[in-house]
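Trainee: I would like a close look at one part of this model, the second largest pocket. How much space lies in it, and which residues line it? Please add what you can on other parts afterwards.

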Amino acid sequence: MFAPDLDLPQSTLRVSALHAFAYCDRLFYLEEVEELYTQDAAVFAGRRLHAELEKQEGEDWEELFLESDRLGLRGKVDALRTRDGHIIPYEHKRGRSARDDRKQPEPWDSDRLQILAYAYLLEHSLGVTIPEGRIRYHADNVLIKVPVTDTGRQEVQQAIARARALRESPRRPPVTTNERLCTRCSLAPVCLPEEARLAHDREWQPVRLFPKDDDREVLHVLEPGTRVGRSSEQLKITRRDRPDELLPVRQIAQVVLHSFAQISTQALHLCAEHDIGVHFLSGGGRFVGSFDPRQGSIQRRIRQYAALSDPDTGLRLAKQLVLCRGKGQRKFLMRGRKGAAEEALLTQTIARMKAMLPQIENATSLAELLGIEGNLAALYFGALPHLLGEAVPAEMRFSGRNRRPPKDRFNALLSFGYALLLKDVMNAILAVGLEPALGFYHQPRTQAPPLALDLMEIFRVLLVDMPVVASINRHQWEVQADFEIRGEQVWLSDAGRAKFIELYERRKQESWKHPVTGYSLTYRRLLELEVRLLEKEWNGEGGLFAQLVLR
Ligand code: SF4
């Protein structure tokens, strides 16, 4: 994660930032102003080769850290050679060089500006003249010499002035018109240029630049008395009566501690260093909270605050959300209607929901919207029991939604599923860098952060209701062993929770074609995409949020 260099005056620019600026001004803005980064370190690979490469060549390379207040530039020149009495800065690139009209190698514009900036910085700092810089492209094994001329120095100066002005701007620049740049851009998964183009042109057919899946594991620690510690760059899981388990931290996406499982300070530090969210669920399956060091930049939070403080924006987004959830609930009932014992009743409910959905657009306040949502939910949960097949035992049936605490097995499954979903939505919000406490629909009445409650609405049917109904119809639950009943309250037993987690995590790994962007992603990636699309709503690239409706 980018750590601000507190020792340096903020007015100087890093040469690498100037390189980003020359590549795409939006890339510069995202990195320098919004401090955006991707979770996947691998996407950063390739922008620059590191010192090892130079060392491999068995040459004497020098390394210098330089800063010039007068030039407004700083940077580490880590590949420096002396040739014929002149100092020559080198830049190594993993990829191929550009080619001119005659197919001759030439540097990419951003690489050229970067090596000129290093040369100019050296001249300013050391009081020498640098005749040229060199760029080596390793993929096609080409070495290009870039002469350092007055025109080149002027270019650097002008780029610094423009980049500094952009750094002060409150507005994120639009996506580049050169789409090819985006396919190689490390920040494409957070910039979402194709989705921005789609937002402006509904005929646009976006290419997926957002990773389809995240193959890291969500580590659930269920057994009370289990301890998560640290062993070097690994998490060490110590369970009673079992050998310790070691998991490389790079394979972990989240740590979820259920009940009274423990985690050490050292393990928390390791998770913080690797941007791994640590989440806590109570023994009763309630989401307790998260330890997550990821913070969005203040610029982005100010924009979120400004947008969501506007009642009209809040109402507009809330309508999209309620419509998305209502449509999804109705579609789910439609899917299960055929052949159901109460087909006529389901048909009636589906028709009533259809008649009610247009009321959402006409709502003039959040209170009115809440009323419509409540009516839709009453219809949906009134009909949901009829999606259970005739062979489902009476113990697994239910007659409507109840919670805090759940009073039947079906509701116990739903409640635990919604707690896991809340945790995942929180994780996605924190990964993106928004403020979870600032939502637009739910009011801050409970412990749960309103924005997370808002976003959950999009996924309740897809990630919880559907797998719960399907698993009951498949007779996957043991009515005794998987549940604990205390008086009127019903909870999942340890075995039941383990079984549910498996079901839920498997569901998250399934791919689904996004109905608007047209590309497929796993549900776990869709959670993050949805948060990013929400942010686009107040960045002038809106219209794609809350469109995830079952077909
Ligand atoms: S993805 Fe494209 S528009 Fe976005 S920062 Fe990268 S190059 Fe610029």
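Mentor: The pocket comes first, then a cavity, a helix and some single residues.

The model is predicted, and local features need pLDDT of at least 70, side-chain atom pairs pLDDT 80 or more, while totals for chains, interfaces and linings use all residues. Residues are numbered from 1 along each chain as its sequence is written, and side-chain values use heavy atoms, with hydrogens and water left out.

The second largest pocket holds about 1,300 Å³ of space. A pocket here is an open set of points on a 1 Å grid over the protein atoms alone, with protein on both sides within 12 Å along at least five of seven lines; a cavity is a set where a 1.4 Å probe fits but cannot get out, and lining residues have an atom within 4 Å of a point. Grid points are joined across faces, edges and corners, and the volume is the space filled by probe spheres set on them. The lining of this pocket has 40 residues, and Arg 401, Arg 403, Arg 404, Leu 453 and Arg 460 are the closest to the centre. Two or more lining residues come from each of strand E16 (287-291), helix H14 (366-383), helix H15 (409-432), helix H16 (450-473) and strand E18 (489-492). These elements are DSSP runs numbered from the N terminus: helices are H or I with at least four residues, strands E with at least two. H15 gives the largest share of the lining, 6 residues. By class, the lining has 20 nonpolar, 10 polar and 10 charged residues, where Ala, Val, Leu, Ile, Met, Phe, Trp, Tyr, Cys and Pro count as nonpolar, Asp, Glu, Lys and Arg as charged, and the others, Gly among them, as polar.

As for cavities, the whole structure has 6 of 30 Å³ or more. The second largest cavity holds about 90 Å³. Its lining has 14 residues, with Cys 24, Thr 176, Cys 182, Cys 185 and Cys 191 nearest the centre. H2 (25-32), H6 (179-183) and H7 each supply at least two of them, and H2 has the largest share, 3 residues. The lining divides into 12 nonpolar, 1 polar and 1 charged residues.

Helix H7 (residues 188-191) also contains Pro 189, which is buried at a relative accessible area of 9%. Buried means under 20%, exposed over 50% and partly exposed in between, with a 1.4 Å probe and protein chains only. The C-alpha atoms of Pro 189 and Arg 532 are 9.5 Å apart, although their positions lie 343 residues apart along the chain.

Helix H11 (residues 311-337) has 27 residues, and its end C-alpha atoms are 39 Å apart, in agreement with the 39 Å expected at 1.5 Å a residue; that span is 1.5 Å times one less than the number of residues. Gly 339, which follows H11, has a positive phi near 80°.

Two residues other than glycine also have positive phi. Lys 103, at about 65°, sits in the loop between E5 (98-99) and E6 (105-106) and is exposed at 64%. Ser 259, near 55°, is in the loop between E13 (252-258) and E14 (262-263).

Glu 132 belongs to strand E7 (residues 132-137) and is buried at 17%.
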